[in-house]
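Here's a quick tour for a newcomer. Take a look at the sequence and the structure first, then read on.

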Amino acid sequence: MRHIVESQQFTVPKILELFERTELMKKIALRGGTRDYEHKIMASLFYKPSTRTRFSFEAAMFRLGGKVLSTEQAMEFSSEIEGERLEDTIRIIANYCDVIVLRHHEEGGAKRAAAISPVPIINAGDGSGGQHPTQALLDLYTIYNECKTLDGLSVAFVGALDYGRTVRSLAYLLSKFERVKLYFVAPKEIQIKPDILEHLDEKGVNYQLLDNIGEIIGKVDVVYQTRIERERLENKHVDLSQYNINLDVLQRMKYNSIIMHPLPRSVEIDHSVDADPRAAYFRQAENGLYVRMALLTMIFDK
Amino acid sequence: MRHIVESQQFTVPKILELFERTELMKKIALRGGTRDYEHKIMASLFYKPSTRTRFSFEAAMFRLGGKVLSTEQAMEFSSEIEGERLEDTIRIIANYCDVIVLRHHEEGGAKRAAAISPVPIINAGDGSGGQHPTQALLDLYTIYNECKTLDGLSVAFVGALDYGRTVRSLAYLLSKFERVKLYFVAPKEIQIKPDILEHLDEKGVNYQLLDNIGEIIGKVDVVYQTRIERERLENKHVDLSQYNINLDVLQRMKYNSIIMHPLPRSVEIDHSVDADPRAAYFRQAENGLYVRMALLTMIFDK
Amino acid sequence: MRHIVESQQFTVPKILELFERTELMKKIALRGGTRDYEHKIMASLFYKPSTRTRFSFEAAMFRLGGKVLSTEQAMEFSSEIEGERLEDTIRIIANYCDVIVLRHHEEGGAKRAAAISPVPIINAGDGSGGQHPTQALLDLYTIYNECKTLDGLSVAFVGALDYGRTVRSLAYLLSKFERVKLYFVAPKEIQIKPDILEHLDEKGVNYQLLDNIGEIIGKVDVVYQTRIERERLENKHVDLSQYNINLDVLQRMKYNSIIMHPLPRSVEIDHSVDADPRAAYFRQAENGLYVRMALLTMIFDK
């Protein structure tokens, strides 16, 4: 594994190897970290600010003992002169580091960077309809860690699913496992796009589209909640509150199910839910650290 | 001591313990630093840029051997989505560090963060009428270090005192010591607010309000100068130059008195004053490093 | 050597000492770096963002084992209050670090900072007509490293030469060597300014002004290409494409010549040129790392 560009590149054995390594990283992080990678430099090259994702990667690097070059203003690179190419920027920055974590505003940015980069590229999100593979992997790890399996699970995705980069990537990864059942719960205006469904059909994955959380909330193992930008559904007479998780909804969920969310959230998960042990979203954010440590060491150790 | 939220939480013994530790930190910093805290990560979470304060904290962490996650764009967190709460942000960031240094734009922000944070919060200023306890402590340390005592001192605060976060916090801290005499020197439009005076009355602290630096300049031990935003007194017929420190004013001050300023300054201290040994404001900025190292180690060592 | 403010301060022996040290630094960087300077703190104080230059300096510091305080928003210092002076900022920041890398928006900013700074200042560019000495040194090192000599070379500068900070500084440095021949190739509206030519006359350096790359492209050892901002020549009926390097132009160049560019580029060097071994601009960016490591250690070791 040289670059991490899209979730498709992870096979099941590779995923399980990653999760084993993640367990080890958790132990290392909880005792403060290691000095083993002190001579490694990571560059955070963010064309759009995303402080949470950036901090998660940079903390991973620090717990490994490494160093970090950081910018959330990389757009300055491209705006500065007309016609400057991402490819040139990557070739320059590659001289100053051992790995580049790239958040690019255009779909396919990470792939373009990886095609020419002398150092490994990690895609930290490219475009709103693009990929965010490390998020998908930490989501999958969270399910694995909470449910103790990845086979036979039923997972409901709720919210704005059409442009949900994380939902798309995670659905893709889940399709690799046995007897998975997926529910896509959203107003029809923002339902999951056909390309994902075609993929699920190909893989023979069982799925269902719903406009209502009610009939399946009591039987799913995982509710993966996402934000619905209110303004996207203006004048559409959709009652968004029916997609929210609150104590009432919680009561109808299985005792051993979990609620996930890529965060930040708005109103779609009520704060009263946070205290329930099924609220897994802050643990999910924590797992981001360990999974990213594991990915970085897989790159450095190869 | 878990969080550092407001200066009120520091008792006299705690302050003296801090200052003893500060002396030790000064020695460590002057020989380049230590590697003792290499596994600690500090997050600088600034909702408004304040490069001086941020650099002072981050240098303190570096002299201790630690690592730093840093943003001056944390406002992006809250603007990104309507309704995201500081509390959620803190819970996420806490997974990636051992201490959070928070500069928030709203009064009470630090207290809200401390109420839910799994890791210690250090308030690096919240709101314009809020607290900035580490500034108050480094101010107090500077007085202690320059005057060799904190009892029996007379201190004049000069400038815009109504919204002076540092003045308010320092007045509060000084009220804990014996036979202190405070002067508040300002045009009446921007004089110190009654809540501080009520507190001083309660503690039996001797104080006086003045609109003129003239009658006390020759007898005070400390002049704590602050900026007056010119536009705040437009059309008020106040001659602001009478609040400025220049060589004439300096001549009338005691030979062993000192001039302090939280910096940055505008015209209120003439640059000709800088060369005088009584100009303590750059030494005050230096002390920020040692006091913050001491505070960080008090948190890490507990 | 205390401060690095302008290329003029480097004598030929000092330059050769620097390049010898640069070779050593290259070896150190390629094996990952050293821990020798772990107690050194560098502050990147950028009044205007320049992520490439900043990363190059910061990576240099990391490969030496040091720590980095960083801001690209230092303008906040000066805009925050009317009348704050660069000098005050430098005096404050100097308490928190061992060296300051300064990118200032005003010509002469670095000199002003160096005049009062308690710690060494490295000028990372001041004003558009000012100096950028570390760029000039890495350019010169690249020529030295590629051509194996600095004497007897013929160098063509092409593009917008009037405000070309790097061109001006490099021409100055080259004038120190024997039998150098310089060509300045530009539309007359943006030709090199007379002050540089006067300096070359004084030093007896052979030079020629041209508006066309054609007649010398086949005989120069180095083509130093720069960007021409299209809007600067609007309505001037200049065919800018005649200043571009493409495969046709490349074919007419000597087999052992090189093409340099301070980057970022726009259309003035065609991407088809990149694969040719004479395209030295990415190696030039790489050399920035080693030259800056060498400069930092020259400061720290003195």
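How many residues does the contact take from chain C, and how many from chain B? Chain C puts in 27 residues and chain B puts in 30 residues. Bear in mind that this is a predicted model.

Here's what the meeting of chain C and chain B looks like in numbers:

| Item, chain C with chain B | Value |
|---|---|
| Buried area | about 2,600 Å² |
| Share of that area from carbon and sulfur atoms | 55% |
| Salt bridges | four salt bridges |
| Polar contacts (both residues at pLDDT 80 or more) | eight residue pairs |

One salt bridge joins C:Asp98 to B:Arg63, with their closest N and O atoms 3.3 Å apart. On the chain C side that touches chain B, at least two residues each come from strand E1 (41-46), strand E2 (67-71), helix H3 (75-80) and helix H4 (86-93) of chain C. E2(C) gives the largest share of that side, with five residues. Sorted by class, the side of chain C touching chain B holds ten nonpolar, six polar and eleven charged residues.

Now over to chain A and its helix H6 (residues 133-147). How far apart should the ends of this helix be? With 15 residues at 1.5 Å a residue, H6 of chain A should span 21 Å, and its end C-alpha atoms are indeed 21 Å apart, so the two agree. H6(A) is also mostly covered, as 13 of its 15 residues are buried. Just past H6(A) comes A:Lys148, which takes a positive phi of about 65°.

Key: Residues are numbered from 1 along each chain as its sequence is written. Chains are lettered from A and ligands numbered from 1 in the order in which they are written. This is a predicted model: local features need pLDDT of at least 70, side-chain atom pairs count only at pLDDT 80 or more; totals for chains, interfaces and linings use all residues. Side-chain values use heavy atoms; hydrogens and water are left out. Helices (H or I, at least four residues) and strands (E, at least two) are DSSP runs, numbered from the N terminus. The expected span of a helix is 1.5 Å times one less than its number of residues. Buried means under 20% relative accessible area, exposed over 50%, partly exposed in between (1.4 Å probe, protein chains only). Contact means heavy atoms within 4.5 Å. Buried area is the accessible area (1.4 Å probe) that two parts lose on being put together, summed over both. A salt bridge is a side-chain nitrogen of Lys or Arg within 4 Å of a carboxyl oxygen of Asp or Glu. A polar contact is a pair of N or O atoms within 3.5 Å; within protein, one must be able to donate a hydrogen and the other to accept it, and residues adjacent in sequence count only if both atoms are side-chain atoms. Ala, Val, Leu, Ile, Met, Phe, Trp, Tyr, Cys and Pro count as nonpolar, Asp, Glu, Lys and Arg as charged, and the others, Gly among them, as polar.
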